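User: Hi! I would like to learn how to read a protein model, one question at a time. Could you walk me through this one?

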Amino acid sequence: MSTVAVSPSIPNITIKKKSFSWVNIALGAFIQTAEVSTLGQPFEVVKTHMAAHRNDSLWTSIVRTYQRGGIRGFYQGLIPWAWIEASTKGGVLLFASSEIDYYSQLAGASPAIAGAIGGMGGGIAQAYTTMGFCTFMKTVEVTRHKSPDANASSIKIAADIFKKEGIVGLNRGVSAVAVRQMTNWGSRFGISRVTESIIRGDDQTRKLENWERITSSVIGGALSCWNQPIEVIRVEMQSQAKAADRPEKMSISTTAKYIYERNGFKGFYRGVTPRICLSVYLTTCMVFGGDKLKEYVAERQKKAL
């Protein structure tokens, strides 16, 4: 097993890369499951509600979410769908993005470019391997009251869709999810690494303080929400609403046209406030938290050599 240098986000540490790479799967699963089980799911539920109910204000969305189930209403879809999604996509993301980041820098890319490429690759990988069905089921949880049979369980709705449309129906909107995740994580990692570079200034080898790394993650998370329109499109594609003028076959383009005709340009930015909160929290967990845990594991492996 060859020994190679780790990503510059963990300066001056040498590790056995192959064993460390597989550890990233467990680290990613742990971080993202912890994230979604705390503040992540409430932000996700409110964001999804606003994207699906584009005439509701933030406060109205919070009130209606509470009316659906009290505090538990903010954790709709957490068990099992969000846990399944978080544990799998977290592992895929941290593993894929770390590998792509490493080899991109090995090929001569800067940390910022490598971070963006790694984030994009990791986002696409997690969308097509784990997220299609899980995001669909989470959206069903939040929007099932808009379906013709409002009392049907999420499992029954999924079973009915499977009978009618097969596996394609259960992965409805997965292309929108892939576009969202590619731009999400490309922006989150890329902007975070650019911010870290700016903070380092002339001394690019300086190890950043924790508050500096958290600041970089917060900025990366907030600015990554420029792609909110694709998130609104994704939610509408997976929503159980059955409006008379809603297209029967919903592609990204037909869904975008439908949203614009009903809600105008502002409709594409419904839910952006809770999404910024979610993105800041998630990016801090995955970028700052991921770096810290990878650094801890690298130190332990280094001592074991």
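Analyst: Happy to help; here are some questions and answers about this structure. This is a predicted model, in which local features need pLDDT of at least 70 and side-chain atom pairs count only at pLDDT 80 or more, while totals for chains, interfaces and linings use all residues. Residues are numbered from 1 along each chain as its sequence is written, and side-chain values use heavy atoms, with hydrogens and water left out.

User: What span does helix α8 reach from its first C-alpha to its last?

Analyst: Helices here are DSSP runs of H or I with at least four residues, numbered from the N terminus. The expected span of a helix is 1.5 Å times one less than its number of residues. Helix α8 covers residues 210-223, which is 14 residues, and the expected span is 20 Å. The span in the model is close to that, at 20 Å.

User: Is isoleucine 214 buried, partly exposed or exposed?

Analyst: Isoleucine 214 is found in helix α8. Buried means under 20% relative accessible area, exposed means over 50%, and partly exposed lies in between (1.4 Å probe, protein chains only). Because its relative accessibility is 32%, isoleucine 214 counts as partly exposed.

User: Leaving aside neighbours within four places in sequence, which residues is isoleucine 214 in contact with?

Analyst: Contact means heavy atoms within 4.5 Å. Isoleucine 214 is 73 residues from valine 287 in sequence, yet their C-alphas are 8.5 Å apart in space. Once neighbours within four places are set aside, the contacts of isoleucine 214 are Thr284 and Phe288.

User: Which helix gives the most to the largest nonpolar core?

Analyst: A nonpolar core is a set of buried Ala, Val, Leu, Ile, Met, Phe, Trp, Tyr and Cys residues joined through side-chain atoms within 4.5 Å. The largest one has 13 residues, and those with the most contacts inside it are Ile233, Met237, Ile259 and Phe268. At least two residues each come from α1 (17-52), α9 (228-238) and α10 (252-263). With 5 residues, the one that gives the most is α9.

User: How many of the 11 residues of α9 are buried?

Analyst: Among the buried residues of α9 are Ile230, Val232, Ile233 and Met237. The helix is largely enclosed by the rest of the structure, because the number of its 11 residues that are buried is 10.

User: Is isoleucine 167 buried or exposed?

Analyst: Isoleucine 167 is found in helix α6, residues 167-170. Its relative accessibility is 54%, so isoleucine 167 counts as exposed.
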